[in-house]
Amino acid sequence: MNDTRNDWTKSEIIDLYNLPLMDLLYNAATIHRQYHDPNTVQVSTLISIKTGGCSEDCGYCPQAARYHTNIEGNDLLSVQQVKALALRAKSSGSSRICMGAAWRNVKDGEDFDQVLEMVRTINKLDMEVCCTLGMITENQAKRLSEAGLYAYNHNLDTSEEYYKEVISTRGYKDRLKTIENVRKTNVTVCSGGIIGMGESVEDRCGMLATLASLNPQPESVPINALVAVEGTPLEDQQPVEIWEIIRMVAATRIVMPLTQVRLSAGRKDMSREGQALCFFAGANSIFAGDKLLTTPNPNVVDDIKLFEKLGLKSQKPFAKKAQPKTVEAEASAYPPLGEKPRWSRPGHTIEKNLKAEKKR
Ligand code: SAM
Ligand code: DTB
Ligand code: SF4
């Protein structure tokens, strides 16, 4: 028995999201400590293996060919270029590489064969390797798995209702289908979304309800704050407040206790204190490196200093391969610092705790 539930309703998640902040943080941090080492954060690095010129119309994306953004595009990188970038990332403390391609979907042929070779190459470096290449078929997922892919990233981005406001060239069901194809292999699933695109709290929580309903839940959930890029339809969006990011991270942690929650795009505009609260609320991964795929990210030295200030260690590769099966097993792995809070004792659940909070 653990706290993982696949039947969270949108309204339950909205209630969580809107809790007084201190209650939300306390609940999320308590769950976080039951399943994860609160002083360890995974450092991952993004490599944009094919940049720009994408046929899709995702309203947030600087890589869509139809928008006039200032990014420098490039064709598929060579295996040697990717290996050099991965080695550099490893030497600066990354345990995971995520390779992104500005494709609508993967086409079988020379380019896909080259990506498979990149996967094999990074795998030999003893790093987790993740890809985000757009839609893939079941057969392509199998081939990636055979090449040693550890994770496939394919974001739901927002709720099913709001999706249509942001993207018209593909539907929510297409996204879910690719996730299902990945699930048929032993590649782990990475799927999350973006906040700050003009969506409501209801949309954010609706997306979390869909992600939490997947069985098994995604092993990894990136939470991105929109990076509003000039030339995209969302260029004028006001930056989302840090409190919203913290709430989103906390709600994600509570409804998906075992998942790796990734504080992804948008960190450049977050204070160190804001990021610290996100780690407290359950975020346990960041993307490091001066660039995400095409937009700026905090510099590596500042991130190292932040880890030192907060006493955070970086997570070793494959540390999450064997997930603890029970709360008790994890509690013995990470003994609590003080007395156990009541909802971590046998028989107490987060739902009971929420009811108690509401009654107060
Ligand atoms: N083309 C593939 C796809 O869309 O699935 C993979 C690459 S795509 C750039 C990966 C993810 O990056 C998107 O699903 C979106 O969540 C995120 N993303 C893209 N542009 C962003 C932006 N401006 N701000 C925040 N997140 C962004
Ligand atoms: C994810 O959810 N965020 C990362 C990773 N998965 C691929 C990408 C963020 C991209 C931000 C915009 C850019 O740099 O182009
Ligand atoms: Fe293309 Fe992916 Fe950008 Fe959408 S998010 S435009 S599919 S690169």
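A polar contact here is a pair of N or O atoms within 3.5 Å. Keep that cut-off in hand as we walk through this predicted model, starting with ligand 2.

In the side chain of Thr294, an N or O atom lies 2.6 Å from an oxygen atom of ligand 2, so the pair falls within the 3.5 Å limit and counts as a polar contact. The side chain of Thr295 offers an N or O atom too, at 2.8 Å from an oxygen atom of the ligand. Asn155 also takes part through its side chain, where an N or O atom is 2.8 Å from an oxygen atom of ligand 2. On its own, ligand 2 would expose 400 Å², and the protein buries 88% of that.

Now look at who else is there. Besides Asn155, Thr294 and Thr295, the residues around ligand 2 include Leu46, Pro62, Thr132, Asn153 and Asn224. Pro222, Leu292 and Leu293 are also among them. Sorted by character, this shell has five nonpolar residues, six polar ones and no charged ones. The space that ligand 2 takes up is the largest cavity.

Ligand 1 is the next stop, and it also sits in the largest cavity. Here the polar contacts to look for involve the protein backbone. A nitrogen atom of ligand 1 is 2.9 Å from a backbone N or O atom of Val227. For Trp103, a backbone N or O atom is found 3.2 Å from a nitrogen atom of the ligand, and a polar backbone atom of Ala101 is likewise 3.2 Å from a ligand nitrogen. Of the 550 Å² of accessible area that ligand 1 has by itself, the protein covers 90%.

Around ligand 1 there are 17 residues, and those that come nearest are Tyr60, Asn155, Asp157, Arg175 and Val227. You will recognise Asn155, whose side chain we met beside an oxygen atom of ligand 2. The shell of ligand 1 divides into nine nonpolar, six polar and two charged residues.

Ligand 3 sits in the largest cavity as well. Its surroundings include three cysteines, Cys54, Cys58 and Cys61. Tyr60, Ala64, Ala102 and Trp103 are there too, together with Glu56 and Arg170. That makes a shell of seven nonpolar residues, no polar ones and two charged ones. Trp103 links this site to the previous one, having a backbone N or O atom 3.2 Å from a nitrogen atom of ligand 1.

With cysteines in view, how many disulfides does the model have? The count comes to zero. A disulfide is a covalent bond between the sulfur atoms of two cysteines, and the sulfurs have to be within 2.5 Å to be counted. Cys98 shows why one pair fails: its closest cysteine sulfur, in Cys130, is 3.8 Å away, which is too far for a bond. Cys98 is buried, with a relative accessible area of 5%. Cys61, from the surroundings of ligand 3, is buried too, at 18%.

Conventions
Residues numbered from 1 in each chain as written. Chains lettered and ligands numbered in written order. Predicted model: local features only at pLDDT ≥ 70, side-chain atom pairs only at ≥ 80, totals over all residues. Heavy atoms only, no water. Near = heavy atom within 4 Å. Polar contact = N/O pair within 3.5 Å; in protein donor to acceptor, adjacent residues only side chain to side chain. Areas by Shrake-Rupley, 256 points an atom, 1.4 Å probe, with all protein chains shown as cover. 1 Å grid on protein atoms, 1.4 Å probe; cavity = no way out; pocket = protein on both sides within 12 Å on 5 of 7 lines; lining within 4 Å. Sits in = over half its atoms within 2 Å of the grid points. Nonpolar A, V, L, I, M, F, W, Y, C, P; charged D, E, K, R; others polar. Buried < 20%, exposed > 50% of the residue type's maximum accessible area, 1.4 Å probe, protein only.
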